[in-house]
Structures are given as C-alpha cells and as structure tokens.
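Me: I'm new to looking at protein models and I'd like some help reading this one. Could we go through a few features together?

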Amino acid sequence: MDRGIQIARLFGIKIRIDWSWLLIFLLISWNLTSVFAQIQPDWSLVFSIVMGVSASLLFFLSVLAHELGHSLVAQSQGIPVDSIMLFLFGGIANIREEPKSPGAEFIMAVMGPVVSILLGLALILLGGIGLELDTFQATQPMQILEGLGPLRTLAMWLGSVNVLLGVFNMIPGFPLDGGRVLRSIFWAITDNLRKATRWASFVGQGVAWVMIVSGISMIFGIQIPFFGEGFIGGLWLILIGWFLNNAASRSYQQIIIRDVLENVPVRKMTKQNPPTVPSNITVDALVEDYIMQTDDHAFPVMDDDRLVGIVCLDDVRKVKGPDRSTLYVSEIMTPRDELKTISPDDDAHNALTTISKNAIRQLIVMEGDQVFGMVRRRDIVRFLQLQSDDFMSITGGL
Ligand SMILES: [Zn+2]
C-alpha cells in the first residue's frame, strides 16, 4: 500500500503521511489554540496559534515514536518494515510478515504502548518539576495547564496525550496492540495461530460494537463513563468503532486466506490451454470470434506460439464503437513487458496478493517461456470457499 506522501526515512523505514492526517492535524491545532487562548490569558492569539501548531507537530512525533517502538522490535527479529503511515486515526507500521512466535508477537505488540506510556510519564514529570502539588487538584483536565509557562504547558499536555495513546492502544481489540497482546496469549495457549486470531478478532469486534453503541447513546444525550456525552464525541466514537470493526474482520480474513493458500501451488487453480488470440486482428474480430464465443474475460495474445501480451474486456470497453473496426488487438492489449506473470509452482497466496495489488482479475501462468495457463481471481476465491465455512462470506474483502 503506497498511499500518502513520503516525508522522511528513518532506520530504513519510509515515513509517510496520508491526506486524512492533515485533517486531524488541523483539528488538533485549532482545538488546542482555542483551549490555550482560554486558559492562558497572558498569551496573545498569535502565540496561542504557534503553541497549538507546535503541540500538534509534537503529537505527530509521539505517534511516530509509538510506531517506531513496534517497528524496531520487528526489525530486530529479522522482520522487514516497509513504511510507517500516519493517518486519521493515528499510525500504522507496515510490517511485512507476521511474527514467528507468540513471544515475538507479544514483545512487538507491547513495545508501542510501552514507548508511549514511558514517554508520557517522563514528560509529565519534566513538566511538573517544582510545581506545588495542589496545582493538580483541577476539576477539568485542561485546568491543570492554567497559568503554566509555555514549555510546562507543552510537556504536560503532550505527556498526558502520550499516556492516553498508550492506554487506548491496549484496548483488547484486534488489530489494536492490546488485541495483538491478547492474540499472542491465545496463541501461546492453543499453539494455533488461526484459532488465536479468530478469538482475538471476535473480542475486537465485540469491543468495536460497544464503542459504536456507546457513541450512538452519546449522540442521544446519554452520559458514558470516561467518554462523556455530546454529538461530536459520540460521532468520533462511532467512527473509531466502525474502523476497528472493519480492521478486526479484515485482518482475520487475511490470516486465514494466507493460512489456506500458502504452500498450495498455483498449478492447482490454473485453467490450462485457455483460448488465445493473435495480435493482428481487429477489435471487432476479437469481439465476434473470441469474446462472444467463450465466457472468458481475458485472453493471452500469442504470435507464433510466443506470448506478446494480454487483452481483456476492459480494454475493449475503452474503444469507441466506430474505432473497433480499425484498431488492432496489438494496439489495445497490455504488452508483455508490462505484464505480471507467475509460475505454476509459486504459491497461490502469492498469486492472490499480486492480483489484488495490481487491481487485475487474472494472471498468466508461465512455465519458462511457455504459457501454462491462466489463474483467475474467482478460481482462487472458489478454492477458498471449498476449504472452509469462513470464506462463504468473503468476496469483497480480498
Ligand atoms: Zn501500536
């Protein structure tokens, strides 16, 4: 997933931000500016804005520190980390493989929250050095900051936000860190990653539904412990719950899909001797003589037994009616050098990943220089559905 723009590279890991992150950055800056302007009457408006924006940027660095906590543990266990992406709900480290043992998963999952909580406590301590204890007897959270100098204000705010970040992530909803910790424990008990993921995912979906229902209650004016009441807070909770629910069921699906398809050769799902077309016929001829004669969506294009490309329904659809009698297959096909292919002995999980990543429907299976056959997305899905009930509901999520 290469969304967002890259802003830096740390420890060989690309740091990216998604556009949705800008939204949360502006929201936090705006909200903090108004809070600072209210509780720090000595500060000018411009100074409050500067402090609001600085605090937002430091918050961004805190999320990054949290994700680096996970990533560096992963790297130390030989698991490559592609990128860290910051987006609306925080950060995601794009760690390419699953950890190899329950212990490894436990340490990897717990290190993010540990970084956040330790960083938070250190900042609160630093910000609080030399303050009278009764400063902390405030009724509203933000009142603690009242009358504090700029540096103390930043340290105290950032410190408490980091502690919250660590605690929130320990909510036992997979794929949140707390859910991963839970999964590593289930995994250690059952010695079965699939079972452990299923349980952790169920708990995750349960937690997500509690959030959604609480959010709806908040919108209707019911007071929820810790989260309070109100429309905006309620909406936010619903959004987070919805996101968590999706993430939980998706990550479960991905685990089982990998579990079933890994080590199954593509050969098993390949349709051999698919109909092929020559490159020197018109699009009209392609439609009449090939497409209308089969139920295939894509055809390998072959000249003298040599693969030169692939042409599919979408390529034909892009050609306007009158042009179909003058354009040739060679002009609308995807040429060989832009084509992704796979070998019959590659595993089917690889095939599905390549198909999903490139948003295509099929891959040509090549044995050396020869076309062995075609493997289509729907054939892989059917294979999955034959393996387990879990897949009966899967089609869109792949
Ligand atoms: Zn985390």
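Me: Where does Asp 304 lie?

Reply: Asp 304 is in the loop that links β6 (298-303) and β7 (306-312). Keep in mind that this is a predicted model.

Me: What is the phi of Asp 304, and is this residue buried or exposed?

Reply: Start with the general idea: most residues other than glycine have a negative phi. Asp 304 has a positive one, near 50 degrees. It counts as exposed because just 6 other C-beta atoms lie within 10 Å, and the cut-off for exposed is 12 or fewer.

Me: Which loop holds Asp 191, and what is its phi?

Reply: Asp 191 sits in the loop between α5 (177-190) and α6. Its phi is positive too, near 60 degrees. With 10 C-beta neighbours inside 10 Å, Asp 191 is also classed as exposed.

Me: Now helices. How far apart are the end C-alpha atoms of α7?

Reply: Try the sum for a helix: at 1.5 Å a residue, the 31 residues of α7 (231-261) should span 45 Å. The end C-alpha atoms are 45 Å apart, so the two agree. Just past this helix, Asn 263 has a positive phi of about 70 degrees.

Me: Which residues of α7 are buried, and what covers them?

Reply: Among the buried ones are Gly 234, Leu 244, Tyr 252 and Leu 261. Their cover includes α6 (193-219), α11 (348-357) and α12 (377-387).

Me: Which residues touch the most other members of the largest nonpolar core?

Reply: That core has 83 residues, and Leu 244 and Val 375 are among those touching the most other members. Helix α7 gives the most to this core, ten residues. Beyond its close sequence neighbours, Val 375 has contacts including Val 266, Ala 351 and Ile 380.

Methods. Residues numbered from 1 in each chain as written. Predicted model: local features only at pLDDT ≥ 70, side-chain atom pairs only at ≥ 80, totals over all residues. Helix = DSSP H or I, 4+ residues; strand = E, 2+ residues; numbered from the N terminus. Expected span 1.5 Å × (residues − 1). Buried ≥ 20, exposed ≤ 12 C-beta atoms within 10 Å, placed from the backbone. Contact = placed C-beta atoms within 7 Å. Core = buried A, V, L, I, M, F, W, Y, C linked by C-beta atoms within 7 Å. Lists of a residue's contacts leave out its neighbours within four places in sequence.
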